[in-house]
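Ready to find your way around a new fold? Grab a pencil and work through the exercises below, one step at a time.

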Amino acid sequence: MDKDPANVEYLREKGVADLVDVAIQELVKEKPENAMEWMRDYFDYPPHGISKNVKKLDGWIQVGCGDKAYNCAEKKATFAPDGATPDEMPDLSKHSNFMAEVLREQPELYAKYKDTYTKNGVGLAKCIKTGVDNPGHPMIKTCGIVAGDEESYTVFADLFEPIVSARHGGYARDAVHPTDMELSHVLDTKIDPSGKYVLTSRVRTGRSVRGIRLPPSIGFDERRELERVCVKGLLNLKGVLKGDYYPLNGSMSYRPKLGGMSHKEEEFLRSAGNLFQEPDSTLLLASGMGRHWPDARGIYHNTAKNFFVWVGEEDHLRIVSMQKGDDIKDVFSRFAIACNEVQKVLTSEGYDFMHNGHLGFILTCPSNLGTGLRAGQMLQIPLISARKDFKNICKKMGLQARGAAGVDSASVGGKWDISNADRLGKSEVELVNIMINGNAKIVRWEQLMEQGRSAEVEKEIAAM
């Protein structure tokens with residue numbers, strides 16, 4: 001080993017010495033029979049290889065975790081493997097997503113955009129690949145398109161705007177999206193005075209950092225810069241938001257914690273529903289979300305573990321504030337303060353959140369534009385939710401009801417996750433207040449039904 005002080009200092013400064021130290025610690029811990037082969041595997045890492053962790057996953061997942069676009073014949077995900085948009089529009093006749101719908105109605109848009117690129121080099125193929133590779137299901141309609149960078153929404157506007165309108169209930173091309181994060185504007189209504197029906201409350205949104213491409217297109221070094229600047233902002237949080245950042249197991253990007261958290265820590269967070277999985281669907285892989293996995297990805301959480309921020313998943317940041325009980329105002333308060341404080345650090349570093357007056361906060365999928373916000377509560381309401389029209393009742397109140405396991409899951413024991421249905425066209429405070437009013441009404445109906453006063457409930461629902 002080189003003993004020259006200048007060379008040793010160079011290796012330390014560049015992080016190489018730390019990286020080798022971590023590798024040796026892991027080697028000694030595992031004590032493999034073939035140590036040299038183990039070390040070669042360990043350093044076979046993005047962007048030139050795939051990480052040791054990814055090699056344990058199925059082959060069709062591994063294909064999407066290197067540096068290249070997803071190209072997997074096994075999953076019939078082979079559109080534009082080189083990133084270039086083909087001259088001929090693919091056959092979308094059997095596809096069920098908004099992108100395919102728009103291109104079937106206006107095939108001239110494909111010809112218009114096939115040779116068009118944003119300033120960051122994002123082309124049409126990058127945006128529509130996930131929708132082409134995944135025909136979808138007739139009963140479950142996805143957007144079928146993602147943005148590769150902020151400019152995608154304007155450069156390919158004639159394609160994106162009809163999709164945004166269809167996904168967000170007719171949102172007009174000249175509409176202005178309101179933003180309101182003022183805590184004093186949130187209702188003080190007590191949703192569940194008894195404390196019996198609301199199990200947990202949660203507010204979640206995404207944020208993107210202007211000047212850095214979105215996850216479908218982000219480069220290796222760019223992703224590391226995203227992690228650096230975001231973690232700097234998160235570590236600046238004080239008081240009840242103060243905490244620490246934990247990179248995914250196997251990530252070699254964050255020098256204070258090379259190698260990331262342990263498998264045990266990672267599984268504990270996942271089992272509690274507080275950490276994202278590896279990209280194990282062709283929707284995510286074809287979108288480019290798995291590239292360089294698990295590099296420059298992780299989670300920040302506060303000491304109380306009621307505030308979490310995912311770094312580098314489907315969006316640059318996913319911000320989640322949660323707690324037991326019905327105090328959504330307290331939950332929203334943490335959420336709003338964190339967004340504000342992280343933005344301050346970003347601006348000091350020459351960055352900011354992506355936002356404009358028409359689409360609000362810019363995120364990867366058009367479904368999350370605007371606020372990107374989902375304010376929800378887990379309710380235990382077996383009586384009112386037993387109605388066949390329960391989901392439609394929620395819809396009339398601007399709410400979405402899902403089973404405890406998420407979208408399209410069944411309810412177990414009368415547990416429902418009920419949240420705002422809209423994202424775009426209404427402010428954050430409006431959406432939280434819609435959820436407060438709606439859930440307070442649902443809780444009251446459940447109480448009335450327990451008291452044998454179902455006729456009163458029926459009358460109120462009929463009047464809606």
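What follows is a set of short exercises, each with a worked solution.

A word on the ground rules. This is a predicted model, in which local features need pLDDT of at least 70 and side-chain atom pairs count only at pLDDT 80 or more, while totals for chains, interfaces and linings use all residues. Residues are numbered from 1 along each chain as its sequence is written, and side-chain values use heavy atoms, with hydrogens and water left out.

**Exercise 1. Lay out the sheet**

Task: work out the order of the strands in the open sheet of 8 strands.

Solution. Start with the vocabulary: helices (H or I, at least four residues) and strands (E, at least two) are DSSP runs, numbered from the N terminus. Two strands pair if DSSP finds at least two bridges between them. Now read across the sheet: the order is β2-β3-β4-β5-β1-β8-β10-β9, with antiparallel pairing. At the edges sit β2 (243–247) and β9 (399–403), each pairing on one side only. On average, neighbouring strands here are turned by 20° against each other, direction ignored.

**Exercise 2. Follow strand β3**

Task: find which strands pair with β3, and over how many bridges.

Solution. Take β2 to begin with: β2 and β3 are antiparallel and pair over 5 bridges. Tyrosine 245 has tyrosine 300 of β3 as its bridge partner. Next comes β4, joined to β3 by 4 bridges, again antiparallel. Here tyrosine 300 stands opposite valine 309 in β4. The link between β3 and β4 is a hairpin with 4 residues between the strands, and lysine 305 in its turn has a positive phi of about 55°.

Then ask: is β3 mostly covered or not? Buried means under 20% relative accessible area, exposed means over 50%, and partly exposed is in between (1.4 Å probe, protein chains only). By that yardstick, 5 of the 5 residues of β3 are buried. In a regular strand the side chains alternate between the two faces of the sheet. In β3, Gly298, Tyr300 and Asn302 are buried on one side, and Ile299 and His301 are buried on the other.

**Exercise 3. Follow strand β5**

Task: find the partners of β5 and say how it is enclosed.

Solution. With β1 (residues 198–207), β5 forms an antiparallel pair over 8 bridges; one bridge matches serine 201 with glutamine 323 in β5. With β4 (residues 307–311), β5 pairs over 5 bridges, also in the antiparallel sense, and valine 311 stands opposite leucine 317. A hairpin connects β4 and β5 with 5 residues between them, and glycine 312 in the turn has a positive phi of about 85°. Last step: 7 of the 8 residues of β5 (residues 317–324) are buried, so this strand is largely enclosed by the rest of the structure.

**Exercise 4. Pack two helices**

Task: describe how α10 (residues 220–234) packs with α13 (residues 328–348).

Solution. Two packed helices are described by the angle between their axes and the distance between the axes. For α10 and α13 the angle is about 130°, and the axes are 8 Å apart. (Axes are lines fitted to C-alpha atoms, for helices over the stretch in contact, and angles run from 0 to 180 degrees between N-to-C directions.) Angles under 35 degrees count as roughly parallel, over 145 as roughly antiparallel, 65 to 115 as roughly perpendicular and the rest as oblique. So α10 and α13 are oblique to each other.

Who touches whom? Contact means heavy atoms within 4.5 Å. Val229, Lys232, Gly233 and Leu234 in α10 meet Val342, Val345 and Leu346 in α13.

**Exercise 5. Spot the unusual backbone**

Task: find where the cis peptide bonds are, and which residues other than glycine have a positive phi.

Solution. One cis bond joins proline 46 and proline 47, with omega about 5°; proline 47 lies in the loop between α3 (35–42) and α4 (59–62). Another runs from tryptophan 293 to proline 294, with omega near 5°.

On to phi: histidine 292 has a positive value near 70° and sits in the loop between α12 and β3. Lysine 76 has a positive phi near 55°, and its place is the loop between α4 and α5 (98–105). Buried or exposed? Histidine 292 counts as buried, at 0% relative accessibility, whereas lysine 76 counts as exposed, at 72%.
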